[in-house]
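This note sets out several points for a colleague who is meeting this structure for the first time. Please read them with the sequence and the model side by side.

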Amino acid sequence: MALSRRKLLRNGWRAGGGLLASAAAWTTWELLRPLASNAAGGKLPVGSAADYQAGTATYIREGRFWLANADGHLLALSQKCPHLGCRVPFCESSGRFECPCHGSIFDIGGEWIAGPSPRGMDRYPVSLQGDVVVVDTGKHLSGPDHGAKRFLTPAKGPACKEGS
Ligand code: FES
């Protein structure tokens, strides 16, 4: 009887460990997986231009892009890294986009700074309708070449990813 209880406990621990490992693997995959598409497609109003202050990047979940204000220029930057498609987060401390997969770094305007990405972050056309910012997620534009350095400034502070 004692033996079967011990066996039961051991199997319980194994099952729990397996569940934890599966949950960790799923979370990692969801964070880093390449995206099947860039955005939902269509024109998306994202609020007033005054909502987006210079030097900020705001994630727009409905369109899967970042709305960045680079030196007064509003840019809608695809969250999908041009290298192999990972989601690129914005690092508040450095003021840059830092890809977690292979270390590509982009400035606040999505222009390439370092890493294996072949170009800057891809983007969508932005227009103003009155005071409302509208992003056309149906028109995907390739990011600028490596030579573009319109918004390159020193990092605001430490990088979010070690080695960046
Ligand atoms: S997917 Fe971003 S650097 Fe490779």
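1. The model under discussion is a predicted one. A suitable starting place is the pairing of E3 with strand E4 (residues 73-78), which are joined in the antiparallel sense over six bridges. Within this pairing, Trp66 has Leu77 in E4 as its bridge partner.

2. E3 also pairs with E2. Strand E2 (residues 57-60) and strand E3 (residues 65-70) run antiparallel and are connected by four bridges. Here Ile60 is found opposite Phe65 in E3. The hairpin of E2 and E3 has four residues between the strands, and in this hairpin Arg64 adopts a positive phi near 55 degrees.

3. These pairings belong to an open sheet of four strands with antiparallel pairing, in the order E2-E3-E4-E9. Strand E9 (123-124) and E2 each have a single partner strand and stand at the edges, so one side of each lacks a neighbour in the sheet. As general background, strands of a sheet pair through backbone hydrogen bonds, either parallel or antiparallel.

4. A further open sheet deserves separate attention. It is formed by four strands, ordered E5-E6-E7-E8, and its pairing is antiparallel. Strand E5 (90-91) and strand E8 (112-114) are its edge strands, each pairing on one side only. E5 pairs with strand E6 (residues 96-98) in the antiparallel sense over two bridges. In that pairing, Phe90 has Phe97 in E6 as its bridge partner.

5. Outside the strands, Tyr52 merits a comment. Tyr52 is placed in the loop between strand E1 (43-48) and E2. Is Tyr52 buried or exposed? Its relative accessible area is 7%, and because buried means under 20%, Tyr52 counts as buried. The C-alpha atom of Tyr52 is separated by 9.2 Å from that of Gly72, and the two residues are 20 residues apart along the chain.

6. The last point concerns charge on the surface. Which residues gather in a patch of positive charge there? They are Arg6, Lys7, Arg10 and Arg14. Of these, Lys7 lies in helix H1, which covers residues 2-32.

7. For orientation when returning to the model, the two sheet orders may be kept in view: E2-E3-E4-E9 for one open sheet, and E5-E6-E7-E8 for the other. The edges are E2 and E9 in the former, and E5 and E8 in the latter.

Conventions. Residues numbered from 1 in each chain as written. Predicted model: local features only at pLDDT ≥ 70, side-chain atom pairs only at ≥ 80, totals over all residues. Heavy atoms only, no water. Patch = residues over 30% accessible without salt bridge, like charges linked within 9 Å, V, L, I, M, F, W, Y side chains within 5 Å. Areas by Shrake-Rupley, 256 points an atom, 1.4 Å probe, with all protein chains shown as cover. Salt bridge = Lys/Arg side-chain N within 4 Å of Asp/Glu carboxyl O. Lys, Arg positive; Asp, Glu negative; His and termini not counted. Charge placed at Lys NZ, Arg CZ, Asp CG, Glu CD. Pairing = 2+ DSSP bridges. Buried < 20%, exposed > 50% of the residue type's maximum accessible area, 1.4 Å probe, protein only.
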